[in-house]
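Dear colleague,

I am passing a structure on to you with this email, and below it you will find some notes on what turned up when I went through it. Please have the sequence and the model open while you read.

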Amino acid sequence: MEKIEIVKNLTVIFRSVLKNDSLVLTDELTANDVDHWDSLSHMLIISEIENKFSIKFKLKDLNKMRNVGDMIEIISSKL
Amino acid sequence: MKGIKDLYKKLFFFIFFLGVLDFGIGSILEHFYFTERSLLNESNKLDYSLNQTSEDILIFGSSTAYHGYVPKIFEDSLNMSCYNMGQNLMNIFYHYAVLNSVLQRYTPKIILLDLTAWDFVKTGNDFDILSDLYPFYFSNKSVREVVDIPGWSEKFKILSKTYRYNGKLLFIMKHNIIPSNDFQKGYLPLRTELKEDITTFASDGFVYDSLKFSYLDKFIGKAIAAGCKVVVVAAPSYGIYTKNQFSELENFLDEINIEFLNFRNDTTFTNHSEYFYDITHVNSTGAELLTLKVAERLKSQL
Amino acid sequence: MVFTSFNFLIFFPAVIVIYYILPKNFRWVFLLVASYFFYINISPVYTLLLAGVTTVTYLFTRWIEKTETEKKKKLIFLLGIILTLFPLFFFKYFDFLNQSIFALLSVFGLRWPLPKLGLLLPVGISFYTFMALGYLIDVYNENIEAEKNPGIVALFLSFFPIVLSGPIERAGNMFSQFKAKTIFNYKKAVKGLQLILWGYFMKLVIADRLAIYLSAIFSNSEHHSGTSLLFATLLYPIQVYGDLGGYSLIAIGCANVMGIDIIPNFKRPFFSTSMSEFWRRWHLSLITWLIDYVYTPISFSLRKFKVWGIVIALMLTFFISGVWHGAALTFIIWGLIQGAVLSIDALLRGKRVNIENRYALKNKWWYTLFCCMITYVIFAFSLIFGGAVDSVSKTLEIIGKIFTDSQSLFIDDSTLVYSFTGIILLFLSDFRDEFFPDKFKLFENENILIRWGAYLSISILIILIGVFNGGQFIYFQF
């Protein structure tokens with residue numbers, strides 16, 4: 001899957017979980033920058049990603065995700 | 001790049017300016033703390049007690065004394081002047097400092113010492129209350145003696161003039177704007193009645209404080225040596241005590257032959273909530289009754 | 001010797017002077033010595049315990065790293081966790097567990113004969129144990145390499161600014177700083193001194209003043225009116241903020257003067273518009289520790305349960321938080337309340353966001369104010385469980401009284417006037433930091449007169465209305 005497709009799918013997930021129809025994802029985006037993206041919603045996002053991309057994360061992977069860019073990299077490494 | 005020596009220099013200047021400011025503000029506070037000095041004015045009871053009393057009968061104690069003894073009754077019944085020096089929260093260390101100061105000026109005829117458990121039992125804040133005496137630290141030797149008891153750090157802290165008035169700003173402001181006019185000679189009546197059933201107290205788990213006992217001994221010793229008659233009183237309390245906290249005190253006073261009037265379990269009071277304001281303090285009716293009883297006793301001895 | 005003791009005012013400057021005289025290589029050694037000196041002064045016997053936990057932590061982290069097989073690694077890791085936690089459990093929770101088991105068994109008519117130990121809690125054990133655990137877990141997860149130098153590990157766990165009450169730091173943040181040969185940073189040192197000054201202000205003027213008033217009310221709750229109890233409840237969070245927040249600032253400031261950075265512990269918590277935001281601003285070092293080492297692993301393994309997995313993870317995490325605060329039912333209930341409130345937040349989040357979006361509430365100042373107030377009140381009421389009084393029955397009595405009894409308010413004018421002076425200044429400062437971060441600066445003003453005026457004013461205020469002798473008790477007249 002190309003990066004653009006990953007970002008597209010990711011955007012759908014983020015917008016639905018965080019109830020924000022205008023959210024735009026960038027590589028440097030972190031939880032601090034987005035309303036309602038906190039530890040309560042993060043795991044929901046993770047779970048949706050696993051379902052959508054048919055991948056399974058390890059706990060170690062989560063620790064390496066410092067921003068959306070890292071997230072995209074890890075997702076694509078598992079595809 | 002500024003180095004550590006620059007920091008030390010700045011700190012030195014900071015401490016210097018702080019010292020100057022501290023001295024300045026402390027001096028202003030000192031001035032206003034001592035403005036009200038009239039004889040019968042309650043504005044500065046501490047100052048009056050330490051430096052200005054001349055009455056024949058002096059009543060020492062904490063809040064139980066402050067609200068418990070009516071000087072006018074003593075004056076009428078014994079034909080001597082009387083002042084009630086009772087002060088909230090104070091303990092034997094305070095009383096000792098005040099007695100010493102008084103004896104330097106004159107010899108009262110009768111010293112009535114009202115004691116509560118705080119005067120011989122260890123509590124967590126035995127010395128904190130002495131902060132009220134800080135404004136008198138440098139002018140009064142006895143005050144210095146008791147304030148210095150806890151340790152050397154107090155000596156250091158009190159060098160700060162503003163620290164001497166720590167927590168007293170409101171007091172100073174109040175008493176300069178609204179000087180009180182109470183002519184009850186130190187006594188403050190409590191006007192309401194208690195309306196509850198009497199409680200039983202286990203009253204254990206306390207520790208006798210040998211330091212406090214030694215100051216009690218010193219207090220009485222100094223008073224007797226000066227030629228005063230000393231009477232120790234325990235005010236009435238609205239409670240039943242399974243253990244007598246005062247037994248040690250009773251023995252102590254008995255050994256040195258000092259009259260101890262113990263009203264703690266006196267049935268004239270204990271069954272009558274109408275004589276009390278709260279569990280440990282009598283109200284104005286109770287105070288009048290208590291004073292009459294003590295005055296009777298004193299009269300019979302003179 | 002705690003930060004507010006006279007001895008510390010001599011200890012700390014002495015440490016700084018020697019620290020900067022010594023060559024950079026020896027500084028961490030000196031800090032280790034100073035930290036143990038500091039700890040021995042407070043608790044000589046339990047210093048051995050601190051050393052013991054340190055030794056276990058050092059040995060097990062090295063052992064884990066050397067081990068090849070996953071299975072063996074896991075076993076060593078679990079053993080390390082148990083050994084590290086054991087002292088904390090033993091000293092803090094033995095009597096409580098004992099009593100609880102006793103109570104539980106007597107319901108069934110069984111007797112539980114173990115005697116009470118009544119041990120004194122080793123100072124700082126809750127803090128250094130968590131720091132040790134965090135390091136152990138980080139090594140196991142390969143987030144950090146095991147430190148070969150035992151002295152650095154020992155310094156990490158005993159570092160005197162943070163050993164007593166936190167902030168709870170991470171090995172990853174501290175090791176490199178201890179080993180770095182940093183040159184003196186003037187700006188950082190000044191910032192540190194500012195934090196220390198403000199920390200003392202928060203603790204001595206606000207927290208300790210309020211404590212006099214509030215403890216008079218809470219310890220005599222049977223005799224105070226519901227109005228007084230309500231007032232006290234609403235003031236209590238400010239006391240805790242002044243206390244723990246102030247203390248944390250002093251700790252961070254002290255470390256800053258030595259050129260070491262420490263994570264912040266509070267970020268203007270009372271401007272939170274929800275409890276989940278509150279827990280991103282209150283006692284941060286503890287919360288991030290719990291999130292990283294408890295909440296995330298648990299919610300991760302339960303993620304297939306979606307929002308319910310999160311609820312379970314929250315309840316467990318805050319249960320642990322409650323237990324960490326104290327070995328009593330009141331603290332556990334407090335923790336569970338936090339978990340419950342956050343769970344409700346998580347469950348209703350979708351609906352709330354929809355309403356907020358529909359009516360553009362986020363832009364309305366009165367909505368923000370309303371949310372802040374509700375959040376504050378929720379936290380305040382939860383604190384009646386979390387530390388105001390020491391028994392559940394008393395807590396329930398107090399809550400009942402608040403809603404039923406409306407007699408007069410108990411006032412002690414000097415305590416209230418002094419604390420409110422402090423509270424207003426604190427509020428203005430936090431308000432400025434929250435909404436106008438670069439304006440109205442006083443400590444940070446370019447003009448040296450304003451800066452020094454501010455330093456001197458705050459210092460004099462501390463001397464004038466700070467509480468220095470642990471309690472100018474109110475004479476309680478009810």
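In this predicted model, chain A has a secondary structure of 4 helices and 0 strands, and from the N terminus on its elements follow the order α-α-α-α. The radius of gyration of chain A is 11 Å, close to the 12 Å that the globule rule gives for 79 residues, so chain A is as compact as a globular protein of that length. The C-alpha trace of chain A spans about 30 × 25 × 20 Å along its principal axes, and buried residues account for 23% of the 79 residues in the chain. If one takes the contacts in chain A between residues at least 6 apart in sequence, 53% of them join residues at least 24 apart.

One residue may serve as a way into chain A, namely A:I75, which belongs to helix α4 (residues 68-78) of that chain. A:I75 counts as buried because it has 23 C-beta neighbours inside 10 Å, where 20 or more are needed. When its neighbours within four places in sequence are left aside, A:I75 is in contact with A:I6, A:I49, A:F53 and A:I55. As for A:H42, which is 33 residues apart from A:I75 along the chain, the C-alpha atoms of the two are separated by 15 Å.

Next comes the contact between chain A and chain C, to which chain A gives 13 residues and chain C gives 22 residues. On the side of chain A that touches chain C, α2 (39-53) and α3 (59-64) of chain A each supply at least two residues, and the largest share, 6 residues, comes from α2(A). Sorted by class, this side of chain A holds 6 nonpolar, 4 polar and 3 charged residues.

Chain B also meets chain C, in a contact that takes 30 residues from chain B and 23 residues from chain C. The elements of chain B that give two or more residues to its side of this contact are α1 (4-33), α7 (152-157) and α8 (169-177), with the largest share, 9 residues, coming from α1(B). By class, the side of chain B that touches chain C is made up of 14 nonpolar, 10 polar and 6 charged residues.

Chain C itself is divided into domain 1 (6-183) and domain 2 (188-465), and the centres of these two domains of chain C, taken over C-alpha atoms, are separated by 26 Å. Where they meet, 20 residues of domain 1 of chain C are in contact with 22 residues of domain 2 of chain C. On the side of domain 1 that touches domain 2, at least two residues each are supplied by α1 (6-21), α4 (70-107), α5, α7 (160-163) and α8 of chain C, and the largest share, 4 residues, comes from α5(C). That side of domain 1 of chain C has, by class, 11 nonpolar, 7 polar and 2 charged residues.

What does the largest nonpolar core contain, and which of its residues have the most contacts inside it? This core has 146 residues, and those with the most contacts inside it are C:Y128, C:M131, C:F156 and C:L157. Helix α9 (residues 186-218) of chain C gives the largest share of this core, 20 residues. Domain 1 (6-183) and domain 2 (188-465) of chain C both give residues to this core, so the core lies between them. Apart from this core lies another, of 64 residues, among them B:Y96, B:I110, B:I220 and B:V231.

To look at one part of chain C in more detail, one may start from C:F156, which, leaving aside its neighbours within four places in sequence, is in contact with C:M131, C:A171, C:M174 and C:F175. Helix α8 (residues 171-179) of chain C has as its buried residues C:A171, C:M174, C:F175 and C:F178. These buried residues cover an arc of only 100 degrees around the axis, which puts them on the same side of α8(C). As for their partners, the buried residues of α8(C) pack against α2 (27-42), α5 (125-140) and α6 (150-158) of chain C.

With kind regards

Note on methods:
Residues are numbered from 1 along each chain as its sequence is written. Chains are lettered from A and ligands numbered from 1 in the order in which they are written. This is a predicted model: local features need pLDDT of at least 70, side-chain atom pairs count only at pLDDT 80 or more; totals for chains, interfaces and linings use all residues. Two residues are in contact if their C-beta atoms, placed from the backbone, lie within 7 Å. Ala, Val, Leu, Ile, Met, Phe, Trp, Tyr, Cys and Pro count as nonpolar, Asp, Glu, Lys and Arg as charged, and the others, Gly among them, as polar. A nonpolar core is a set of buried Ala, Val, Leu, Ile, Met, Phe, Trp, Tyr and Cys residues joined through C-beta atoms within 7 Å. A residue is buried if 20 or more other C-beta atoms lie within 10 Å of its own, exposed if 12 or fewer, and partly exposed in between; C-beta atoms are placed from the backbone. Domain bounds come from an automatic or database domain assignment. The arc is that of the directions from the helix axis to the C-beta atoms. The radius of gyration is taken over C-alpha atoms; the globule rule is 2.2 Å times the number of residues to the power 0.38.
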